[in-house]
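This report looks at how some helices pack and at where the nonpolar cores lie. The structure is shown first, and the description follows.

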Amino acid sequence: MAVLVVLAESNGKPVHKNDILDAVWPGQVVADGVVTRAVYELRQIFRSDPDTPDIIETLPRLGYRLTVPAVPLSDEARNPPTTTTIPGRTAKKLLIALTLIVAAAVLAAGLFAIRSPAGPRSIAVLPLTNFTGDAERDYLGEGLAEQIIHLLARQPELSVVSRTSSFALADRELTIQQIAAELKVDTVIEGSIRAERGVQRVTIQLTGSRSGAPSDSLVIDVLDDQLFMAQEKIAGQVLEMILPGREVALPATAVDSTTIELVMKGRAALHGRNRQSLSYARELFQQALALQPDYADAYAGLAQVELVLPVYAGTDKAAGTRAARRAADAALSLNPDQVDALAVSAALAFERREYANAVEQFRRAIRLAPSNAQAHQWFGGALRTLGYIDQALAATRRAVELNPLAGGANTSYAQTLLLAGELEAARTPTLRADRFGAGFAPRILALIHFRHDRLTAFEEELAKHYQLAGAPVAVARGFAAYLRGETSAGELIEIVEDVSAPQSAGVGFFFREWSLAGFPRNALAALTRQSDDLQFFSDVWLAEAAGVRALPEFSSLLRELGLMDYWSWAGSPAVCRGEKPEPFCLELASAQPAQ
């Protein structure tokens, strides 16, 4: 009904699908076909006369419009005589008017919200405490908690904090209420595992954030050799406590306990994010697959390892990409709904410039597991690169809500806020990321200082960032000196040319610095040299990069990257929707095919 209201308010003028998305689902990440589906359902409502054209007309490249004016009901129309026959076309006008009245009432009452007024129930799951007497089995409590998180994350009614943030607080001496406040949840799940005469006793309890007292609990006794195989059933019983009556589909393929144990240990090592732990995780997943080659979860874990190893361990990226793709494809061939494999596959598709495929896979992953923080974060990064800043804000904000204590999620959100021009709002996630040791935090702080004309602080943060990345600090000092007017353009160029552009992901390729200094052609040259890596491409949407976007060569680069073709199909980036479209936007509009 909200879509109908938007069309009616346009008074017969066409409304583009992007404008409908912005009006009906502001700031939300929704599926591509949601507008098409809404229009289809509205057409079914009004299609009472097969000889009459559609009430909603599709106009190629322009959007949708009502073919019949929406008019307020007269008193006679509100109370027609019982014997009156209303002609088909007039009846449709009245039906639209009646529908709009109902829609307005529903919207005014707040009944058209996607979620209930109270919002989804927010939950954090702590690792179960190991009381078995075997310290080497700590991974078991973490593995069971992670299995619970995976299952709860798939429930659209729930908002579940990620493993990274929940587990980060487990060893701190905090009360349940303090943990709930830190993670902004209303329920905390905790528990323990005890060994007793060949039986593992698993105790789980739900505690509300207000009272700090358990509101529900669960005790499950499992034979020692059955615990690994029972983890999904245990997670299902926890879900039953929270959402009574919810059915859980158990895996179709039987998996032996040794294989499950290897995967559980692999997942724990995967979160170490260093060469040693990631190499160990890869070994564990490979061992699991040697025992059971048809285990999708093991392939998904291996895909995640291969994707991040080049970032954290400096291994060969091309080899890692190939291995990650093989593992992700294998996982999805066994289980098309394996969310972690879908997220990896989407990220790899984006690197291959298969933008439409990547976006669809990200959205599918999020539909399957609405609380998967990693999928939201990676999707936000892709949307940021594509120039869809509002949607990127929604995705990266959601990633932080689900993973508030992760440096990567906070950094991604801060970068998106900078592109949106929300300078002060970017400070909080940047400082939080800095607290968690995220390497990009000084770079973001440098830009914030630059925009406040605090050039000394700008130099300090930029130099810190270069130092952390192992890059020549002299370049950072040279840019700062030029911005303060202490060195000439020629001297700055000489300083930069004296060193090799660093390949480290920590510094990039000086695009941002050239843009800040007002050297658009130097910035574009740097961008072109590194165009095979889209990681830093989103910097082109910075306000300071407007000069780069105005260059004719910029349009050529966009075509080379396949972005012009994608935007022609999916819709223009945010900078093309302002009052004064930029030069490449005009070229995009003239080349845009009929939709």
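In this predicted model, helix α20 passes α21 in a left-handed crossing. The residues of α20 that make the contact are P442, R443, L445, A446, H449 and F450, and they meet L455, A457, F458, E461, L462, K464, H465 and L468 of α21. Sorted by class, this contact of α20 with α21 comprises nine nonpolar, two polar and three charged residues. The axes of α20, which spans residues 441-451, and of α21 come within 8 Å of each other and cross at roughly 165°. Because angles over 145 degrees count as roughly antiparallel, α20 is roughly antiparallel to α21.

Helix α21 also takes part in the packing around α22, a helix of residues 473-483 in which V475, A476, G478, F479, A480 and A481 are buried. These buried residues of α22 pack against three helices, listed here with their residue ranges.

| Helix packed against α22 | Residues |
|---|---|
| α21 | 455-468 |
| α23 | 489-497 |
| α24 | 511-517 |

Just after α22, the backbone at G485 takes a positive phi of about 80°.

Turning to the nonpolar cores, the largest has 150 residues, and the members with the most contacts inside it are L152, I204, F537 and W567. A second core, separate from the largest one, has 16 residues, among them V3, L7, V39 and L66.

Technical notes: Residues numbered from 1 in each chain as written. Predicted model: local features only at pLDDT ≥ 70, side-chain atom pairs only at ≥ 80, totals over all residues. Heavy atoms only, no water. Buried < 20%, exposed > 50% of the residue type's maximum accessible area, 1.4 Å probe, protein only. Helix = DSSP H or I, 4+ residues; strand = E, 2+ residues; numbered from the N terminus. Contact = heavy atoms within 4.5 Å. Axes fitted to C-alpha atoms, helices over the stretch in contact; angles between N-to-C directions. Parallel < 35°, antiparallel > 145°, perpendicular 65-115°, else oblique. Left-handed = near helix turned anticlockwise from the far one by under 90°. Nonpolar A, V, L, I, M, F, W, Y, C, P; charged D, E, K, R; others polar. Core = buried A, V, L, I, M, F, W, Y, C linked by side-chain atoms within 4.5 Å.
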